[in-house]
Amino acid sequence: MVSAAWAVAVGMLGSAAAMGIGRFAFTPLMPLMQEHEALTLAQGGWLAAANYAGYLAGALLCVFANPNPGAAARAGLSGVALFTFAMGLAVD
């Protein structure tokens with residue numbers, strides 16, 4: 001049986017890793033996307049809205065589907081890693 005303290009610690013570290021990558025890898029790229037790819041303010045707003053819609057969808061999935069916490073954490077962290085990697089595959 002996993003203690004509550006252990007579950008909280010793992011959850012905090014997983015959230016810190018996922019949110020840290022999201023904040024410190026994705027967010028600073030916005031000005032570069034605006035400068036080099038002619039991304040408009042409206043398009044940037046849509047990207048931000050899609051980002052928050054993803055957070056909402058994940059939260060709702062956890063509430064209603066009640067997934068296995070370990071599997072959900074692994075899937076979430078894998079998704080962050082995959083999408084961060086995919087950003088490097090963009091072509092000019």
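Here is a short briefing on the chain shown above, from overall build to local detail.

This is a predicted model, in which local features need pLDDT of at least 70 and side-chain atom pairs count only at pLDDT 80 or more, while totals for chains, interfaces and linings use all residues. Residues are numbered from 1 along each chain as its sequence is written, and side-chain values use heavy atoms, with hydrogens and water left out. The chain holds 4 helices and 0 strands, where helices (H or I, at least four residues) and strands (E, at least two) are DSSP runs numbered from the N terminus.

**Overall build**
- Read from the N terminus, the elements run α-α-α-α.
- With a radius of gyration of 16 Å, the chain is well over the 12 Å that the globule rule gives for 92 residues, so it is more spread out than a compact globule. The radius is taken over C-alpha atoms, and the globule rule is 2.2 Å times the number of residues to the power 0.38.
- Along the principal axes, the C-alpha atoms fill a box of roughly 55 × 25 × 20 Å.

**Surface and burial**
- Just 5% of the 92 residues count as buried (buried is under 20% relative accessible area, exposed over 50%, partly exposed in between; 1.4 Å probe, protein chains only).
- About 7,200 Å² of the chain is accessible surface, and 75% of that belongs to carbon and sulfur atoms (Shrake-Rupley method with a 1.4 Å probe; for residues, only the protein chains shown count as cover).

**Helix α3**
- Helix α3 covers residues 41-65 and includes Phe64.
- Its 25 residues reach 35 Å from first C-alpha to last, close to the 36 Å expected at 1.5 Å a residue (the expected span is 1.5 Å times one less than the number of residues).
- Just after α3, Asn66 takes a positive phi of about 50°.
- Phe64 is exposed, at 70% relative accessible area.

**An aromatic pair in α3**
- The count of aromatic pairs comes to 1 (ring centres of Phe, Tyr and Trp, the last by its six-membered ring, lie within 6.5 Å; planes under 30 degrees apart are stacked, over 60 edge-to-face, the rest tilted).
- Tyr52 and Tyr55 make up this tilted pair, 5.9 Å centre to centre with 45° between the planes.
- Both tyrosines, Tyr52 and Tyr55, sit in α3, 3 residues apart, about one turn of the helix.
- Tyr55 is partly exposed, at 34% relative accessibility.

**Helix α4**
- Ala81 belongs to helix α4, residues 69-87, and is partly exposed at 43% relative accessibility.
- From Ala81 to Ala42 the C-alpha distance is 27 Å, with their positions 39 residues apart in sequence.
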